[in-house]
Amino acid sequence: MKLIILEHYSQASEWAAKYIRNRIIQFNPGPEKYFTLGLPTGLPRDHPESYHSFMWNNFFKHIDIHPENTHILDGNAIDLQAECDAFEEKIKAAGGIELFVGGIGPDGHIAFNEPGSSLVSRTRVKTLAMDTILANARFFDGELTKVPTMALTVGVGTVMDAREVMILITGAHKAFALYKAIEEGVNHMWTVSAFQQHPCTVFVCDEDATLELKVKTVKYFKGLMLVHNKLVDPLYSIKEKETEKSQSSKKPYSD
């Protein structure tokens, strides 16, 4: 497990973006190697607060991606469980999740796996906790009646199956959740704690999120930053990757 500690939110965001860029280039995605996750509620696709809208406005329209290569759960499907089961099958057909990127709530929930969720759960329909509904009310003009009370979400077990997991945790309001994730044991009431047992987890946080951690814990992980920064420096280039592939294909055959 890696804990990346940066001073400010913007620095944590930049480090995470550079890491994701390098991992995408290393992965060398193509027509048969892709997968994008979103976590929609039951909102219409064109609703400004739906995950379809969020992912399009904040990600998809800024990159070179074909719409058919995006896979987002349909919260308006007639049979929601069938939709969840089909999503799990799509993940398997795509070869699994290479890198899962997610955040957490102040109560330590990952995706919409609220406190008390099974740590081996799969994609399913999940009832949202009141804290989550209150936290999302800001996206609906503060009106609780407009906030969905249920969501489709990948399960903790689904995320645990990913080859790598990156979790972004910023702000003092999530400091206790980070403490539970790092310094205490695995507990289904803090679902993010499950990733202590994942073989390749990267937590990225800012200073404010470390306020509940022990001083020696923070000092230990900060002492590793010289090593961890090598994961984002140098910043890989797609053109350089293509040049390497071209040069390797020109090498003469030898017995």
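A nonpolar core is a set of buried Ala, Val, Leu, Ile, Met, Phe, Trp, Tyr and Cys residues joined through side-chain atoms within 4.5 Å. The exercises below apply to a predicted model.

**Exercise 1.** Describe the largest nonpolar core and state which elements contribute to it.

*Solution.* Step one is the size: the largest core holds 34 residues. Next come the residues with the most contacts inside this core, which are L3, F100, I167, I169, L178, F195 and F203. Two or more residues are given to the core by each of β1 (2-6), α3 (80-93), α5 (156-160), β5 (165-169), α6 (175-182), β6 (201-206) and α7 (215-222). Among the elements, α6 supplies the largest share, with five residues.

**Exercise 2.** List the contacts of F195 beyond four places in sequence, then look for another core.

*Solution.* With neighbours within four places left aside, F195 touches I110, V156, V159, M160, V165, I167, T201 and F203. Another core, of 11 residues, lies apart from the largest one; A12, Y19, V202 and V204 are among its members.

**Exercise 3.** Determine how β1 is covered and how β1 pairs with β6.

*Solution.* Take burial, under 20% relative accessible area, as the test. Four of the five residues of β1 are buried, so the strand is mostly covered. The pairing of β1 with β6 is parallel and runs over five bridges. One of the bridge partnerships joins K2 to V202 in β6.

**Exercise 4.** Locate a nonpolar patch on the surface and place M130 in an element.

*Solution.* The patch consists of M130, L134 and L144, which together have about 280 Å² of accessible area. M130 belongs to helix α4, residues 130-136.

How values were computed
Residues are numbered from 1 along each chain as its sequence is written. This is a predicted model: local features need pLDDT of at least 70, side-chain atom pairs count only at pLDDT 80 or more; totals for chains, interfaces and linings use all residues. Side-chain values use heavy atoms; hydrogens and water are left out. Patches are made of residues with over 30% relative accessible area and no salt bridge: like charges are joined within 9 Å, nonpolar side chains (Val, Leu, Ile, Met, Phe, Trp, Tyr) within 5 Å. Accessible areas come from the Shrake-Rupley method with a 1.4 Å probe; for residues, only the protein chains shown count as cover. A salt bridge is a side-chain nitrogen of Lys or Arg within 4 Å of a carboxyl oxygen of Asp or Glu. Buried means under 20% relative accessible area, exposed over 50%, partly exposed in between (1.4 Å probe, protein chains only). Contact means heavy atoms within 4.5 Å. Two strands pair if DSSP finds at least two bridges between them.
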